[in-house]
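Work through the exercises below with the structure in view, and try each task before you read its solution.

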Amino acid sequence: MTKEHREQLMALAHEVSFATGDRIFDEGATADRFWIIHTGTVSLDLRVPGRQPAVIESLGAGKLLGWSWLVPPYVWHLGAEAASPVRAYEFDAAAVRALCAEDPRLDHELCTYVSGVLARRLRAARVRLLDLYAPYGAGEVP
C-alpha cells in the first residue's frame, strides 16, 4: 500500500484495547469495523454445531482483524476473542468504504490486500478443521 493511502487510512483510526477473554465480535453479527493489531494476540474461531467453537487461527501484531466489513451483507463469518491483552487500531468500516469510493486506487489496493488475507484465512480454517474432525490419515490439503 502506498504511503499516501496508509496515511489516509490511519487518519480514520483510533486506538482501542481489549482484555484477555474479551469477545471482540461474534459470527453472524454486523461487521461494521475492523482492526490492525498493534500488540497482543486474538483467536479466530468458528462455530461447530454441538461442540465448542473451534479456534482456527491466532493473529498477532501487524495483522488485520476482520474482513467481513468489506463484503455485503457485512456480517462476521468468524468470531474473535482476545487471547491476551490487545491494543489495536480500530477503523469504522463505513468511513473506509466511503474513502475507497472516492479513490479507486485505494479501493483496488485495499481489496487486493484483503483478498489475500481472506484466502489465507480460508486455508487456515480448512486445515484446522481437518486437524480437528477428519478421520486419522485423511490426507494432505492441496
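**Exercise 1.** In this predicted model, find how β2 and strand β7 are paired, and over how many bridges; then place the two strands in their sheet.

*Solution.* Begin with the pair itself: β2 and strand β7, which covers residues 79-82, run in the antiparallel sense and are joined over two bridges. Next, look for a residue that shows the pairing, such as Phe 25, whose bridge partner in β7 is Ala 80. Then widen the view to the sheet, which is open, has four strands with antiparallel pairing, and follows the order β2-β7-β4-β5. The edge strands of this sheet are β2 (23-25) and β5 (54-59), each of which pairs on one side only. Finally, from one strand to the next the twist averages 30°.

**Exercise 2.** Describe the sheet that contains β1 and β8, and state which helix packs on it.

*Solution.* First read the order, β1-β8-β3-β6, which belongs to an open sheet of four strands with antiparallel pairing. At its edges stand β1 (14-18) and β6 (64-65), and each has a single partner strand, so one side of each is left without a neighbour in the sheet. Now follow β1 to strand β8 (residues 86-92): the two run antiparallel and are joined by five bridges, and Glu 15 stands opposite Tyr 89 in β8. Helix α2 (residues 93-102) packs on this sheet, where it touches β3 (33-39) and β8, and its direction makes about 55° with that of β8.

**Exercise 3.** Which residues have the most contacts inside the largest nonpolar core, and what surrounds Leu 65?

*Solution.* The largest nonpolar core has 35 residues, and those with the most contacts inside it are Ile 24, Phe 25, Trp 35, Leu 44, Leu 65, Trp 69 and Val 96. Helix α3 (residues 104-133) gives the largest share of this core, five residues. Take Leu 65 as a case: once its neighbours within four places in sequence are left aside, its contacts include Ile 24, Phe 25, Trp 35, Leu 44 and Ala 80. As background, nonpolar side chains in soluble globular proteins tend to be buried together.

**Exercise 4.** Why can the protein be called as compact as a globular protein of its length?

*Solution.* Start by counting the elements, which are three helices and eight strands. The radius of gyration of the protein is 16 Å, close to the 14 Å that the globule rule gives for 142 residues, so the protein is as compact as a globular protein of that length. To complete the picture, note that 35% of the 142 residues count as buried.

Methods:
Residues numbered from 1 in each chain as written. Predicted model: local features only at pLDDT ≥ 70, side-chain atom pairs only at ≥ 80, totals over all residues. Heavy atoms only, no water. Pairing = 2+ DSSP bridges. Axes fitted to C-alpha atoms, helices over the stretch in contact; angles between N-to-C directions. Core = buried A, V, L, I, M, F, W, Y, C linked by side-chain atoms within 4.5 Å. Buried < 20%, exposed > 50% of the residue type's maximum accessible area, 1.4 Å probe, protein only. Contact = heavy atoms within 4.5 Å. Rg over C-alpha atoms; globule rule 2.2 N^0.38 Å.
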